[in-house]
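Let's take a walk through this model, starting with the whole chain and then zooming in on a pocket and a single side chain. Keep the viewer open as you read.

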Amino acid sequence: KQWYQRRVREVRVLISQSYRNFGHITMSHVENLRNSERLRVVQSIEDQDKKSVMRSVKGITSFKQPEIDFLYRKFQECRRKMSLCSSKVSHLSGSFVVDEPQFCELFSFVSPWGAGCLAPALASRIFLLLDTNKDGLVEFHEMGFCYDVICNGSLSQRLKLFYLM
């Protein structure tokens, strides 16, 4: 019983000291600190994911780093702009995938084949070719490989891609 009373007194002293020392900290202050830390953690995760996906694209393409950066920026802009409209991609926010409308828009920005009256048809056919598992999504590294063939591939590689479409 004496041990218990001593513990209760220690807890009371601890609580009163904490109110004295940290009474100025409000719940809104704690929430603000939590939110700032969350943002920092999310940004760190996004940065690591970006580095990883860019390394994977660099390993399978002949693009130089500035070209991969450009492709990645356009990819992210397109995803952010259209993710509100597409329920399929919005739940995969951490993934590096696009659906067909996003791919077609990106194709018109990035690909040398993206201009002209046949560009939408070409984009749709390339999307179907890249969507090997038929889930309606194409990953960034698949797209990077395709653009590498279109932009840097030999004539025979580009003709083979064109034939497969």
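**From the whole chain to one lysine**

Of the 165 residues in this protein, 29% count as buried. Keep in mind that you're looking at a predicted model. The accessible surface adds up to about 11500 Å², and carbon and sulfur atoms own 58% of that area.

Now for the layout. The protein has eight helices and two strands, and if you trace the elements from the N terminus you read α-α-α-α-β-α-α-β-α-α. How much of the contact map is long-range? Taking the contacts with a separation of 6 or more, 57% are between residues 24 or more positions apart.

Next, look for empty space. Rolling a probe the size of a water molecule over the atoms shows where such space is left. Here, the largest pocket holds about 340 Å³. It is lined by 16 residues, and those closest to its centre are Phe145, Cys146, Val149, Leu161 and Leu164. Three elements give two or more residues to the lining: helix 6 (119–130), helix 7 (140–152) and helix 8 (155–164). Sorted by class, the lining has eight nonpolar, five polar and three charged residues.

Which helix gives the most to that lining? That would be helix 7, with six residues, so it deserves a closer look. Helix 7 has 13 residues and reaches 17 Å from its first C-alpha to its last, close to the 18 Å expected at 1.5 Å a residue. Its buried residues are Phe140, Met143, Gly144, Cys146, Tyr147, Asp148, Val149 and Ile150. When you scan that list, remember the geometry: an α-helix has 3.6 residues a turn, so residues three or four places apart point the same way. Cys146 and Val149 are both on the buried list, and both are also among the residues closest to the centre of the largest pocket.

Gly144, one of the buried residues of helix 7, also gives us a way over to another part of the chain. The C-alpha atoms of lysine 58 and glycine 144 are separated by 8.8 Å, although the two residues are 86 apart along the chain. Lysine 58 is found in helix 2 (residues 27–60). Is lysine 58 buried, exposed or in between? Its relative accessible area is 43%, and because that falls between the 20% and 50% cut-offs, lysine 58 is partly exposed. Leaving aside its neighbours within four places in sequence, lysine 58 is in contact with Gln65 and Ile68.

Key: Residues numbered from 1 in each chain as written. Predicted model: local features only at pLDDT ≥ 70, side-chain atom pairs only at ≥ 80, totals over all residues. Heavy atoms only, no water. Helix = DSSP H or I, 4+ residues; strand = E, 2+ residues; numbered from the N terminus. Buried < 20%, exposed > 50% of the residue type's maximum accessible area, 1.4 Å probe, protein only. Contact = heavy atoms within 4.5 Å. Areas by Shrake-Rupley, 256 points an atom, 1.4 Å probe, with all protein chains shown as cover. 1 Å grid on protein atoms, 1.4 Å probe; cavity = no way out; pocket = protein on both sides within 12 Å on 5 of 7 lines; lining within 4 Å. Points joined across faces, edges and corners; volume = space filled by probe spheres on them. Nonpolar A, V, L, I, M, F, W, Y, C, P; charged D, E, K, R; others polar. Expected span 1.5 Å × (residues − 1).
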